[in-house]
Amino acid sequence: MKVRNLLAIIVLTILFGGNGFAQIQNFEWQGRQRQYLVRTPENAESLPVLFYLHGLGDNITRLDNEFHFQNFADEFRWMIIIPQAVDEGNGTMWNAALMSSSIDDSGFLMALLDSLAVQYPVNQDSVFFTGFSMGGFMSHRMAIEHGDRINGAAPVSGLITHTMSSHTAVAPVRMLHIHGTADPVVGYDGNSQYFGGNLGLSVENILNYWRNANGCTGDAVIDTLPNTHNDGLLFVRYNWTGNAELQHLKVIGGNHSWYKNANQHDIDYMHYVHDFFTGKVSYNKVNEPTTGSLIIYPNPTSGLLKIQLDSPADIKIIDIQGRTVMQAKCEAGVATLDLQGIKKGVYFLKSNGITTKIVLK
């Protein structure tokens, strides 16, 4: 065999052989060659599908190098599709109805799914979308327009645009919205310090949109993720039940970031999103009195809260906006906190890295 033929075979093996390598593939849509990557586990049958939509100006090669999507595909036993948006002059940007565009990204993504379902053993009853920033905007749009085919969406730091808010969701969709309260790029209130003006609905109004779309009734179940890292963040969860589950992960102190290092933060977004879609996320009971070495009672309370401590501790009472409304130093033993001067509602008591929810009634 000639040397150059052998080299050609080696190159083809690198490009096409084995899951350790990913070749950028093309899909023609609206007369354009659209690019995407696919990551799949070996020897898998009936693959659930997760679309990951990148942020403004990003590209799929850089994203794949950063996230190592093959590792997630192998771990979850899922197909992960990483498509790329079109650059119309302002960087790659999804048409989430934020600006005027003739690009039909919504149709492209569903057509891409149909094409891949011919090539792979796709489970079309398990199709999910997640994305960051502009990819989060687009994830909301996909859920609104294609909820009859999409089982769940998890936008991170992305909003529902005002244009899309006038559309009625075609079906209930399992929805997880993640957003930081200190995000300056895509603000929690819908405003942006970087782009100027209002980009879309506030998070509060986004939750109202999906509560209506999903038929959610009653108050949210609220708890926190274990606060084990000194990262200045508190992850507060709001969960509603209805025709489809709605959850909001409010990142108090969180900025415009996709948190992905569980060694530095209390959460890895990709794993959390996967667990939400598969129903593995559990919730703390409202009246659970014991958390580690911290015992509080009664909870809910009408104002006088008993705290049992093994050692002296600094106590903080934090409201759901992340503001400290009370601080106290307590000695070992049983102490009483008088909370009667605080407005009724849900708060979080933090002590020695332990955070637990309390309810003032």
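User: What makes up the largest nonpolar core, and which residues have the most contacts inside it?

Analyst: This is a predicted model, where local features need pLDDT of at least 70, side-chain atom pairs count only at pLDDT 80 or more, and totals for chains, interfaces and linings use all residues. Residues are numbered from 1 along each chain as its sequence is written, and side-chain values use heavy atoms, without hydrogens and water. The largest nonpolar core (buried Ala, Val, Leu, Ile, Met, Phe, Trp, Tyr and Cys residues joined through side-chain atoms within 4.5 Å) has 58 residues. Phe51, Trp94, Leu109, Leu112, Phe129, Ile160 and Trp210 have the most contacts inside this core. Helix H4 (residues 105-119) gives the most to it, with seven residues. Another core, of 34 residues, lies apart from it; Leu50, Phe128, Leu176 and Leu225 are among its members.

User: What does Trp94 touch?

Analyst: Contact means heavy atoms within 4.5 Å. Leaving aside residues up to four places away in sequence, Trp94 touches Arg34, Leu53, His54, Pro83, Gln84, Ala85, Asp105, Phe108, Leu109, Met134, Gly135 and Met138.

User: Why does Gln247 count as buried?

Analyst: Buried means under 20% relative accessible area, exposed over 50%, and partly exposed in between (1.4 Å probe, protein chains only). Gln247 has 0% relative accessibility, so this residue counts as buried. Gln247 is found in strand S10. Its C-alpha atom is 6.4 Å from that of His177, although the two residues are 70 apart in sequence.

User: How do Ser157 and Arg77 fare by that definition?

Analyst: The relative accessible area of Ser157 is 2%, so Ser157 is buried. Arg77 has a value of 39% and is therefore partly exposed. Both residues have a positive phi without being glycine: about 55° for Ser157, and near 60° for Arg77. Ser157 has its place in the loop between S6 and helix H6 (162-165), while Arg77 lies in the loop between helix H3 (69-76) and S4.

User: How do you know that the span of helix H5 agrees with its 13 residues?

Analyst: Helices (H or I, at least four residues) and strands (E, at least two) are DSSP runs, numbered from the N terminus. The expected span of a helix is 1.5 Å times one less than its number of residues. For H5 (residues 134-146), that gives 18 Å; the end C-alpha atoms are 18 Å apart, so the two values agree.

User: What makes H5 mostly covered?

Analyst: Of the 13 residues in H5, 12 are buried. Among them are Met134, Phe137, Met138, His140, Met142, Ile144 and His146.

User: Why are S15 and S18 at the edges of their sheet?

Analyst: Two strands pair if DSSP finds at least two bridges between them. The sheet is open and has four strands in the order S15-S14-S17-S18, with antiparallel pairing. Strand S15 (324-330) and strand S18 (354-360) each have a single partner strand, so one side of each is left without a neighbour in the sheet. Neighbouring strands here are turned by 25° against each other on average, direction ignored. Strand S17 (residues 345-351) pairs with S18 over seven bridges, and Phe348 has Lys357 of S18 as its bridge partner.

User: What is the order of the sheet of 10 strands?

Analyst: The order is S1-S2-S4-S3-S5-S6-S7-S10-S9-S8, in an open sheet with mixed pairing. Strand S1 (25-29) and strand S8 (221-224) are the edge strands, as each pairs on one side only. Strand S2 (residues 32-39) and strand S4 (residues 79-83) run antiparallel and are joined by four bridges, with Val38 opposite Ile81 in S4.

User: Which strands does helix H2 lie across, and at what angle to S2?

Analyst: Axes are lines fitted to C-alpha atoms, for helices over the stretch in contact, and angles run from 0 to 180 degrees between N-to-C directions. Helix H2 (residues 60-67) lies across S2, strand S3 (47-53) and S4, at about 10° to S2.

User: Which face of strand S13 is covered?

Analyst: Leu305, Ile307 and Leu309 form the covered face of S13 (residues 304-309), and Leu304, Lys306 and Gln308 the uncovered one. S13 pairs with strand S16 (residues 333-338) in the antiparallel sense over six bridges. The bridge partner of Lys306 in S16 is Thr336.

User: Where is Pro300 found, and what kind of peptide bond joins Asn299 and Pro300?

Analyst: Pro300 is in the loop between strand S12 (294-297) and S13. The peptide bond between Asn299 and Pro300 is cis, with omega about 10°.
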